[in-house]
Structure formats: C-alpha cells, structure tokens
Amino acid sequence: MSEKRLGERAAELDAADELAGRRKLFALDDDTVYLDGNSLGALPRHVRDRMADVIDRQWGELRIRSWDESGWWTAPERIGERIAPLVGAGPGQLVVGDSTSVNVFKALVAAVRMAPDGRDEILVDATTFPTDGYIAESAARLTGHRLVVADPAGVPDAVGPRTAAALVNHVDYRTGRLHDLPGITAALHARGALAVWDLCHSAGALPVGLDEHGVDLAVGCTYKYLNGGPGSPAYLYVAERHQGRFDSPLPGWNSHADPFGMTRDYRPAGGAARGRVGTPDILSMLALEAALDVWDGVAVEAVRAKSLALTDFFLECVEAYAPEGALTPLTPAAHAERGSQVALACPDAPSVMEALIARGVVGDLRRPDVLRFGFTPLYVGFADTERAARVLADVLAGADAPPSG
C-alpha cells in the first residue's frame, strides 16, 4: 500500500478512535512520537497541580496531620482499589507500596510458605525480566528450595509434585509476547502449585482477569502503562482466599494489626494491608493516585482493542515502508500472543534507535539488536504510528532527512 494511502488510513482510524480525546490529558508535544510508555508512561497534565497541593498544603501546612486529615495512612489500600479494576481484581486484594522487586520477593516467598509440605521447587520462566530471576534464585536459597527454569509455554509440563510455586511474566519485556495466564494458572493449580504473575508489561494495556482466572498472587509496576511517574510504587495482589495464610517475609510495622501499639510481637493485619511493610513513599504514591484519574470512564477492553489495532497498523506500515530484510519482527502476529509493544530485530539497532530519537520518534533498545516500540492507547494515535514507521524506514534507508514533524 502506498504512503499516501497509509497516511489517509491513519487519519480515518484516528477520526474513529473513541480514545483519541485522552491524548490531551497528557503533557505531550506534537513534534514527538512517544513509543516508550512500556518503560515510562507520559505525564498526565493535572499531576503538577495536584502535587503542588500535596507539597504546599498537605506537607507544608498540615504536616503530620496529613496522615489522618489528607488520607496519607490509607493511601496504599485506597490506590490499590483504583488499580484493581484494571487488572480484574475485586475489592480488598491490592495494596500499593514498595518496588516491584520487593513485591516479587514478598509474593514468591509467601507462596512457597503457603504450598503443601514436601514441595521444594520453585519454577521461574526462562525469559523473565532479569530481576525476577535474581529474586527467584535468592528466594530459593533462602527457603531451601531448588530453582527450576522453564520456558513459559513449557511451564505446564515442567510443574510436578515437588513444585511449590511458579513465577511467570504475563508479557515478555523483550519481545512483547503475551503468555497464557489462564492456561498456565490452571495447569499449576491442577498439580497443586501456586501461580505468581508479574504484570509489569500488561497492566493498563490489556485485560488481565486476576480473579476470573484464579491467580494466587501478582505484582506489577505503575510507571509504565499506568503513567504513575518514575519510580512510582508497585502493587501486590493477594487473592482473598489466601490472605489469612499470607506470611510476608518482610513483616513491618505498617502491616501490623495494631501499628501504633508498637508491641514487640508481630501480629499481621487482615486483608491487603498484610502486604505493607514500612512507611509509604507518600509523594510518589499521591502522584500515582492523581495520574490514575486518566482512567476514569475508560474500559480496559477498549484499550486492548486499540492496542491491537495500533500494533497491527504499525507492522503493516513497517512492511510497506522498510527496506526488505532490514527488520525481523519478534512480536507474535497472533493477537492472543501479543502484548502492547512491537519488537523488531535489527543488526544496527543501537545506531538506528539513536537516529530515530534524534528525529522525534522515541522507542527504546534492548541490546544487542532489539528495537522496542510500546503503544500506549490512551495517548498514541494512528498518525503517530504511521509517522514512526515512515521515519524508521528513512533511517534504515540512510535517508538524510530532517526530523519529521
């Protein structure tokens, strides 16, 4: 299809896009196509004013009173309730706080402690984000378990009578492959093991269905598709049926049943609060809470539909524009196997990405040879997508063109 026709199609698709109006909620300029929301989401415009109030009034004037009067103390559970519908969780099962890494540790060790006696193996997916693997290895050493590494698709065959729990990424951070959360969870349960899922690259981009599919524990970050800001706190999901047995390896005063009693003995709080540890990072947490306003009135199913349309269109444009053989798609073509990013293998990936960014198309790189483009449906449009593919083709062809605008 010609460049002219693809440009016309992009305009038609943008005109029919029910989420197009959301872009104005973000601090984005028209000179940049931002396709790195799978690493750091864009800033929602209203967060600046909200944080000015947090700093000037809540902290500056109320000071210590804000733990009660401004709701600081209850923020981890309150914000968890905001995120819960985006991952298909009912009330009282999500708590916000700490980093993803810390929450992976809490979830995995707690899962092992809940597993039946005699189960001394932890499964981890072979393509996992490196930190998850490091933590799984440490958790195995700490608990006296053996670590078993398996390809995500092979987890159902790898689980056995000695498997306590498996830690799996919902979407592969490198390729964008979407793994079978319902099927893998069911296979684990059929063999008596628990399922721990990392949702960092899926929450806010596609339906997850934690309750629907019987997931045991899950963790995720909030600075990617949820736009919470750099280093914004992560979340921990503990299914209601497990909360009474959830034994955190990091018991802190914030998760005590009587936190201000300051007793020597630890007695865990009920519900999601059991996943708390220490004093929450209030500034980052309230920036996240403000950022979540952009989700008001948005159905995750609509986001997923647009995500698939955007990534389909990008792949179509890349095929039409890019020099033959210059790129190899790593992201599956099948919708059921695709997250919200497109990964392309490219021999000169570092220099290509550098040139793309110089021309106003911001993606990212996974060494040695992977170009990653993350499509955040709340603010990426079809004209953005066509432009990104066109500029990519120019770079690959060595065209000495000015930045696209």
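**View A. Residues listed by UniProt under "binding site", shown on the predicted model**. The unreviewed UniProt entry lists T100, S101, F129, P130, T131, D132, D198, H201, Y223, W253 and T279 under this heading. These residues span 180 residues in sequence, and the farthest two of their C-alpha atoms are 30.8 Å apart, so they do not all gather at one spot. Among them, T100, S101, F129, T131, D132, D198, H201 and Y223 are included in the lining of the largest pocket.

**View B. The largest pocket and the residues that line it**. The space in the largest pocket comes to about 280 Å³. There are 20 residues in its lining, and those closest to the pocket centre are T100, F129, C200, Y223 and K224. Helices α5 and α6 each supply at least two residues of this lining, and α5 gives the most, with 3 residues.

**View C. Surroundings of T100 in helix α5**. T100 belongs to helix α5, which covers residues 100-114, and is one of the residues that UniProt lists under "binding site". Its relative accessibility is 12%, and because buried means under 20%, T100 counts as buried. When residues up to four places away in sequence are not counted, T100 touches D198, C200, V219, G220, C221 and A234; of these contacts, D198 is also in the UniProt list.

**View D. Surroundings of W253 in the loop between β8 and α9**. W253, likewise listed by UniProt under "binding site", is found in the loop that runs between β8 and α9 (282-291). With a relative accessibility of 32%, W253 counts as partly exposed. Leaving aside residues up to four places away in sequence, W253 touches W73, P259, F260, M262, V277, G278 and T279, and T279 is itself one of the listed positions.

**View E. The open sheet of 7 strands and its edges**. The strands follow the order β2-β8-β7-β6-β5-β3-β4, with mixed pairing. At the edges stand β2 (94-96) and β4 (146-150), each of which has a single partner strand, so one side of each is left without a neighbour in the sheet. Direction ignored, neighbouring strands of the sheet are turned by 20° against each other on average. At the β2 edge, β2 and strand β8 (residues 235-238) pair in the antiparallel sense over 3 bridges, and the bridge partner of V95 in β8 is L236.

**View F. Helices α6 and α8 packed on the sheet**. Helix α6 (residues 130-143) touches β3 (121-125), β4, β5 (163-169) and β6 (194-198), and its direction makes about 175° with that of β3. Helix α8 (residues 181-190) also packs on the sheet, where it touches β5 and β6, with its direction at about 150° to that of β6.

**View G. Backbone details at R63, D98 and P368**. Phi of R63, in the loop between α2 (47-62) and α3 (66-69), is near 55°, a positive value in a residue other than glycine. D98 also has a positive phi, near 65°; D98 has its place in the loop between β2 and α5 and, at 32% relative accessibility, counts as partly exposed. The peptide bond from R367 to P368 is cis, with omega near 10°, and P368 lies in the loop between β12 (364-366) and β13 (370-374).

Methods: Residues numbered from 1 in each chain as written. Predicted model: local features only at pLDDT ≥ 70, side-chain atom pairs only at ≥ 80, totals over all residues. Heavy atoms only, no water. Pairing = 2+ DSSP bridges. Helix = DSSP H or I, 4+ residues; strand = E, 2+ residues; numbered from the N terminus. Axes fitted to C-alpha atoms, helices over the stretch in contact; angles between N-to-C directions. Contact = heavy atoms within 4.5 Å. UniProt positions renumbered as here; feature names shortened; annotations may be inferred. 1 Å grid on protein atoms, 1.4 Å probe; cavity = no way out; pocket = protein on both sides within 12 Å on 5 of 7 lines; lining within 4 Å. Buried < 20%, exposed > 50% of the residue type's maximum accessible area, 1.4 Å probe, protein only. Points joined across faces, edges and corners; volume = space filled by probe spheres on them.
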